[in-house]
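Trainee: Could you take me through a close look at one part of this model, the place where the two chains meet? I would like one connected account that also follows the elements leading away from it.

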Amino acid sequence: MVNIGLTVNQKLFEISVDENLRLIDLLRDKLGFHGTKEGCGEGECGACTVIMDGETVNSCLVMAFQANGSNITTIEGMEKDGKLHPIQQAYIDAGAVQCGFCIPGMVLSTKALLDKNSHPNRDEIREGISGNLCRCTGYNKMLDATEMAIKYMEEEKE
Amino acid sequence: MKKIGKGIGVSFYGTGYGNGFPDVSRAIIRLLPEGKIGIYCGVTEVGQGAKTSMRQIAAEVLGLGVEDIELVHENTSLMPDSGTAAATRQTYNTGNAIKIACENMRTELFKKTKEALSLNSTAGLVLENGEIILGFFPQKRISFKELAEIYKGEKILEASGEFTAQTTQMDEETGQGAPYWPYTFNACAVEVEVDTNTGIVNLLRATFAQDAGRAVNPQLLEGQMDGGFAMGLGYALFEDLNIENGKMKNNKFSKYLIPTAMDMIDIKNIIVEDPESTAPYGAKGIGEPVMIPIAPAILNAIYDAIGVRIKELPVTPEKLMKAIRESA
Ligand code: FES
Ligand code: FES
């Protein structure tokens, strides 16, 4: 067992974990953030995406102890004061959600993209979410959602 | 060398289980407290939008907003069976059952309105924004909410509906019959670029037209068209289970490749509306049909580009290079 401390969605957690515990299991089973999904468990699908110190990571490939001292955002950390994040709202408004399984990871990848590049073109959006597989939507409505989210975020600033 | 080609694919698809098999959907409608309407129905949401479109159909019959309709589903102890979310049958079959149940509910609501307002008959009653109104003398009116106050607890107001699709078994000898009804039609056109040095096929443009009878929710429909296109694209170019001695060798995403956002392109989607007379407000399902014409369109475009007919999917670069060498 190792003692680690990490911030998840602005809240500090101090916990003792097994050396072989994965970050996704820490998030889901120990801390209760079930929004993070496990698809393949081997770094291919992106369903388990979370943002760790500003970068997206596949939480199935990160060991829990490696997250010591880090700052993590999961899908539960997106909404503020009971209001959905503009990206979440845009995903709904654009009809970008079908079965929903890929969506938490997809939304976080979209956030990480927009945090770095506030006005990506459609090709850049495609690249930004290309690590997240979706079997349902064909991705195009996610591109529409991202463009919509950019507008929402600009309106929020005004 | 890079060569460009165009191709089309067209398909038609029969809705439901077909071939005379009893294909039944059922629904129960209840007046809930606060005057909301509950649909109790076994329809399953798998991402296709049943939760939205079934409520839209009920809202249309009962003159309510979608937000006033609650769908209680996916729990076999609470509702009647509505068959599987398969065979592209929910919009047509279960949509019909819900529409019929709501129409029966409307009759029920009118009867109770007649009693509550001491009217002679139900003639002239109309539904509008959660109220039942005598059209030509609108001072006579009662809201769903008021009716729900009267009919609560034991006296709950409900109605049910059932729809069985009409198909006939094919004659075993002649193959004749009407094994499906209704049919859905579509057409897809694509432009591809084939690199004859690498065997890589790139999509450049696509237009996709899908008959839906009537689009209950155009946004969801487009989403399914995009999704079907992506699946068809994967089927044509990447996806291979690679079965050897009954074992799936490509049993992980690192080997079984499905399209990513970078493999997809923007598609020009066209929804064709030609209402089907036996369907709920004319609407037919499109769940499976949207996949069917895509691979043929891509293969035809490859043929147009390089004059090589591919007969085995997926068209991986290796297979395409081999086919090009063999045809030379
Ligand atoms: S579950 Fe982590 S990438 Fe698939
Ligand atoms: S919405 Fe189903 S996998 Fe993306």
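**Where the chains meet**

Mentor: Happily! The contact takes 24 residues from chain B and 23 residues from chain A, where contact means heavy atoms within 4.5 Å. Please keep in mind that this is a predicted model, in which local features need pLDDT of at least 70 and side-chain atom pairs count only at pLDDT 80 or more, while totals for chains, interfaces and linings use all residues. Residues are numbered from 1 along each chain as its sequence is written, chains are lettered from A and ligands numbered from 1 in the order in which they are written, and side-chain values use heavy atoms, with hydrogens and water left out.

Between them, chain B and chain A bury about 2,000 Å², with 54% of it on carbon and sulfur atoms; buried area is the accessible area (1.4 Å probe) that two parts lose on being put together, summed over both. On the polar side, the count between the chains is five salt bridges, each a side-chain nitrogen of Lys or Arg within 4 Å of a carboxyl oxygen of Asp or Glu. There are also 12 residue pairs in polar contact between chain B and chain A, both residues at pLDDT 80 or more. A polar contact is a pair of N or O atoms within 3.5 Å; within protein, one must be able to donate a hydrogen and the other to accept it, and residues adjacent in sequence count only if both atoms are side-chain atoms.

Let's pick out one salt bridge: Asp266(B) pairs with Arg126(A), and their closest N and O atoms are 3.4 Å apart. Arg126(A) belongs to helix α4 of chain A; helices (H or I, at least four residues) and strands (E, at least two) are DSSP runs, numbered from the N terminus. With 6% relative accessibility, Arg126(A) counts as buried, a word that means under 20% relative accessible area, against over 50% for exposed and in between for partly exposed (1.4 Å probe, protein chains only). Leaving aside neighbours within four places in sequence, Arg126(A) touches Asn140(A) and Leu143(A) in its own chain, and Ala261(B), Met262(B), Met264(B), Ile265(B) and Asp266(B) in the other.

Now look at Thr260(B), in the loop between β12 (247-248) and β13 (268-272) of chain B. At 17% relative accessibility it is buried, and beyond four places in sequence its contacts are Ser130(A), Leu133(A) and Tyr139(A). Leu133(A) is also touched by Cys45(A), whose other contacts, again not counting residues up to four places away, are Gly39(A), Cys40(A), Gly131(A), Asn132(A) and Phe253(B). Cys45(A) sits in the loop between α1 (23-30) and β3 of chain A and is buried, with a relative accessible area of 6%.

Asn140(A) and Leu143(A), the partners of Arg126(A), are among the buried residues of α5(A), together with Lys141(A), Met142(A), Ala145(A), Thr146(A), Ala149(A) and Ile150(A). That helix has 18 residues and reaches 26 Å from its first C-alpha to its last, close to the 26 Å expected at 1.5 Å a residue; the expected span is 1.5 Å times one less than the number of residues. The cover over its buried residues includes α2, α3 and α4 of chain A, together with α4 (218-237) of chain B.

That brings us to α3(A), residues 103-116, whose 14 residues should span 20 Å, in agreement with end C-alpha atoms 20 Å apart. Of these, 12 are buried, so α3(A) is largely enclosed by the rest of the structure. Its buried residues pack against β3, β4, β5, α2 (86-93), α4 (122-128) and α5 (140-157) of chain A.

Finally, follow that packing to strand β3(A), residues 49-52. Thr49(A) and Ile51(A) point one way and Val50(A) and Met52(A) the other, yet all are buried. Four bridges join β3(A) to the antiparallel strand β4(A), residues 55-58, strands being paired if DSSP finds at least two bridges between them. Val50(A) has Val57(A) as its bridge partner in β4(A), and in this hairpin, with two residues between the strands, Asp53(A) takes a positive phi near 45°. With β5(A), residues 71-73, β3(A) also runs antiparallel, joined by two bridges; here Ile51(A) stands opposite Thr73(A).
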